[in-house]
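Hi everyone, thanks for making time this morning. I'd like to walk you through one structure, so please have a look at it first.

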Amino acid sequence: WNDALYPSPSPSDPRPNFFSQNNARSSSAALISGLSRTTVFRTAKQMEGRPELSVVNCSESTLYICCKVAHVHVAACRHCTIFVAAVGGQASVVNCEGVRLVAVAGCVKFENSVDSVGLLHSRRRPVLAGDSRGLLLGPFNAIYSELDSILEEAGMTLSEDQVDSWANPICCTLQALTEGGAEGKGTTGGSNAAGSTAAGLKTPTSVGSLRASPTSDKAVARPSGSPTGVSP
């Protein structure tokens, strides 16, 4: 059903206006759609005039967005790694499986997504919603030589006060609401409860071969100017 909801570009319509039905601001969004086993690198010059980014229906691909953007919407993607240097507003991951989001953002939302990872520095606590299961949250730990200048341009910083916001998500998943009682209240994860199964989260220590913890020094994304210099 994802293919029907989020169709890939066709030869006769290479860049469909994906959000035209629901988003009046769609003309300002850059669209990356239908990638498979591809690495994409985007700079501020390439994103000029496109403050919003939509990543739709991609699989087994790696995307490096090395500039500031206002909003990021990732939908119907499978087994992708997405690095975004600075998101002034919201970064959302919807209807995805096995997606790894590495980002500095104003806020982050995972909705109806499974077996996905968020390595985040967020001004607000992440929101987990819908039928989301098997999620792993951890600290932002990417290395990029231009990160400080991009954050400064976006008016953002890697604040110590917000470094552990990932560990305190607002859990509004179906499972959390069901187990939260008849009142339908969501649950809130703590620094030692980020792996709560009620929140649809895995333990914060491992998922597959990835390990993430507040003391982790492993770089997840290291873009350095071109795709050939990037290590996912």
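Let me start with a small puzzle: which residue in strand 6 is the bridge partner of Val-72? It is Ala-91. Please keep in mind throughout that we are looking at a predicted model.

Now the overall picture. The protein has 232 residues, and 47% of them count as buried. Its secondary structure comprises three helices and 14 strands. About 11,200 Å² is exposed, with carbon and sulfur atoms supplying 47% of that area. For those of you who think in contact maps: take the contacts between residues at least 6 apart in sequence, and 38% of them join residues at least 24 apart.

Back to strand 6, which covers residues 81-94. Of its 14 residues, 12 are buried, so the rest of the structure largely encloses this strand. Who are its partners? Strand 4, residues 62-69, pairs with strand 6 in the parallel sense over six bridges, and in strand 6 the residue opposite Val-69 is Val-87. Strand 5, residues 71-75, is also parallel to strand 6, with four bridges; here His-73 has Ser-92 as its bridge partner. Then comes strand 7, residues 100-111, which runs parallel to strand 6 and is joined to it by 10 bridges. One of the residue pairs there is Val-94 with Glu-111.

We can follow His-73 a step further. Strand 5 also pairs with strand 3, residues 52-56, in the parallel sense over five bridges, and Ser-54 stands opposite His-73.

Next, the packing. Which residues touch the most other members of the largest nonpolar core? Val-84 and Leu-101 do, in a core of 36 residues. Strands 1, 3, 4, 5, 6 and 7 each supply at least two residues of this core. There is also a second, separate core of 18 residues, which includes Phe-83, Val-102, Val-104 and Phe-140. As for Val-84, leaving aside neighbours within four places in sequence, its contacts are Ile-65, Val-69, Val-72, Leu-101, Val-102, Ala-103 and Val-104.

Let me turn to a helix residue. Leu-147 belongs to helix 2, residues 147-153. Is Leu-147 buried or exposed? Its relative accessible area is 6%, so it is buried, the cut-off being under 20%. Not counting residues up to four places away in sequence, Leu-147 touches Ala-85, Phe-140 and Leu-158. Its C-alpha atom is 9.8 Å from that of Lys-68, although the two residues are 79 apart along the chain.

Finally, the charges. Side chains of opposite charge can pair when their charged atoms come close. In this model the count comes to four salt bridges. One of them links Glu-97 and Arg-78, at 4.0 Å from N to O. Glu-97 sits in the loop between strand 6 and strand 7, and Arg-78 in the loop between strand 5 and strand 6, so the pair ties together parts 19 residues apart in sequence. Both are partly exposed, Glu-97 at 33% relative accessibility and Arg-78 at 41%.

Remember Glu-111, the bridge partner of Val-94? Its side chain meets that of Lys-109 in a salt bridge of 3.0 Å. Glu-111 is partly exposed at 25%, and so is Lys-109 at 23%. Asp-131 and Arg-133 form another salt bridge, with the closest N and O atoms 3.0 Å apart.

That's my tour, and I'm happy to take questions.

Technical notes. Residues are numbered from 1 along each chain as its sequence is written. This is a predicted model: local features need pLDDT of at least 70, side-chain atom pairs count only at pLDDT 80 or more; totals for chains, interfaces and linings use all residues. Side-chain values use heavy atoms; hydrogens and water are left out. Buried means under 20% relative accessible area, exposed over 50%, partly exposed in between (1.4 Å probe, protein chains only). Two strands pair if DSSP finds at least two bridges between them. Contact means heavy atoms within 4.5 Å. Accessible areas come from the Shrake-Rupley method with a 1.4 Å probe; for residues, only the protein chains shown count as cover. A nonpolar core is a set of buried Ala, Val, Leu, Ile, Met, Phe, Trp, Tyr and Cys residues joined through side-chain atoms within 4.5 Å.
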